[in-house]
Amino acid sequence: MLSIGLTGGIGSGKTQVADLLAGWGAALIDTDQIAHQLTAPRGGAIAPLAAAFGAVAILPDGSMDRAWMREHAFADPAVRRQLEAILHPLIRQEVQHQAEQARGPYRVFVVPLLVESGRWRDQVDRICVVDCDPETQIRRVRERSGLTPETIGRIMSAQASRADRLAAADDVILNDGATDLQVLRQRSWHCHQLWCSLASRSSDGPAIHD
């Protein structure tokens with residue numbers, strides 16, 4: 001099955017694009033959603049997170065304290081590496097499972113840190129970047145989550161630059177401040193049609209591996 005890696009910086013709108021593609025029949029495998037499930041109450045990552053960071057990293061309801069983890073992970077690279085060492089193997093396992101179950105004209109792996117990880121290029125047929133200017137990213141994230149510009153800046157600095165993402169892209173969907181929903185649908189539909197055409201030529205795609 002044709003495999004698309006969908007990525008973009010925080011606030012770029014990649015989730016909105018992913019939802020459009022899913023609505024048109026694509027098989028969606030969202031690593032962010034998987035991570036949220038793993039860190040929810042009784043999720044598979046809770047016990048190792050508590051062992052690594054202590055009870056301070058876990059909320060009373062049994063889920064990971066995202067605000068605590070965000071503050072520490074983006075301020076301390078060692079904490080971020082430890083968090084990734086716990087989450088990434090669990091995420092890969094679930095991604096593999098969902099990939100094997102995927103049905104549709106093509107499958108879309110939604111991976112926020114696809115470019116940064118360095119390992120996805122060989123696991124997908126094409127990389128699609130949802131592109132956005134940094135100013136619009138900051139505005140959207142502030143409106144959505146209420147994070148301070150300083151916190152947003154730390155998150156963005158830990159992500160690939162706009163230029164690096166675009167350099168890795170086979171396809172680009174622009175979703176800047178001047179893009180409304182109708183235009184975003186048109187741009188996403190164009191990619192959907194392209195990928196359906198490519199998928200119809202070949203049913204084979206690269207295996208998903210560590």
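Which residues on the other side of α7 are exposed? They are Glu 135 and Glu 143, and the first view below shows the helix they sit on. Keep in mind that everything here comes from a predicted model.

**View 1. Helix α7 has a buried face and an exposed side.**
Start with helix α7, twelve residues running from 134 to 145. From its first C-alpha to its last, the helix reaches 16 Å, close to the 16 Å you'd expect at 1.5 Å a residue. Four of its residues are buried: Thr 136, Gln 137, Arg 140 and Val 141. Look down the axis of α7 and these buried residues fall within an arc of 130°, so they line one face of the helix. Here's a handy rule: an α-helix has 3.6 residues a turn, so residues three or four places apart point the same way. Over on the other side of α7, you'll find Glu 135 and Glu 143 out in the open, both exposed. The buried residues are covered by parts of the chain that include α8 (149–157) and α9 (162–168). Just past the end of α7 comes Gly 146, with a positive phi of about 75°.

**View 2. Thr 151 is a buried residue in helix α8.**
Now hop over to α8, one of the helices that cover the buried residues of α7. Thr 151 is found in α8. Why does Thr 151 count as buried? Its relative accessible area is 17%, and the cut-off for buried is under 20%. The side chain of Thr 151 also makes a polar contact of 3.0 Å with the side chain of Thr 148.

**View 3. The largest nonpolar core brings together 28 residues.**
Leu 49, Phe 53, Met 69, Leu 83 and Phe 109 touch the most other members of this core. At least two residues each come from α2 (31–38), α3 (46–53), α4 (66–75), α5 (77–101) and β4 (126–131). The top contributor is α5, which gives seven residues. Zoom in on Leu 83: if you skip its neighbours within four places in sequence, it is in contact with Leu 49, Phe 53, Met 64, Met 69 and Ala 73. There's also a second, separate core of 18 residues, including Val 108, Cys 128, Cys 191 and Ala 199. As a general point, nonpolar side chains tend to be buried together in soluble globular proteins.

**View 4. Trp 68 in helix α4 touches Phe 53, Val 56 and Ala 57.**
Those three contacts leave out residues up to four places away in sequence. Trp 68 and Val 56 are twelve residues apart along the chain, and their C-alpha atoms are separated by 8.0 Å. Trp 68 is buried, with a relative accessible area of 17%.

**View 5. Gln 123 is a buried loop residue.**
Find the loop between α6 (114–117) and β4, and you'll find Gln 123. Its relative accessibility is 0%, so Gln 123 counts as buried. A polar atom of the Gln 123 side chain lies 2.9 Å from the backbone oxygen of Arg 119.

**View 6. Confidence varies along the chain.**
The protein chain averages a pLDDT of 91, and 96% of the residues score at least 70. Among the elements, strand β5 (residues 171–174) has the highest mean pLDDT, 98, while α8 has the lowest, 85. Over residues 204–210, pLDDT stays under 50. For that stretch, the model has 20 contacts beyond four places in sequence.

Conventions
Residues numbered from 1 in each chain as written. Predicted model: local features only at pLDDT ≥ 70, side-chain atom pairs only at ≥ 80, totals over all residues. Heavy atoms only, no water. Core = buried A, V, L, I, M, F, W, Y, C linked by side-chain atoms within 4.5 Å. Buried < 20%, exposed > 50% of the residue type's maximum accessible area, 1.4 Å probe, protein only. Contact = heavy atoms within 4.5 Å. Expected span 1.5 Å × (residues − 1). Arc of directions from axis to C-beta. pLDDT = per-residue confidence, 0-100. Polar contact = N/O pair within 3.5 Å; in protein donor to acceptor, adjacent residues only side chain to side chain.
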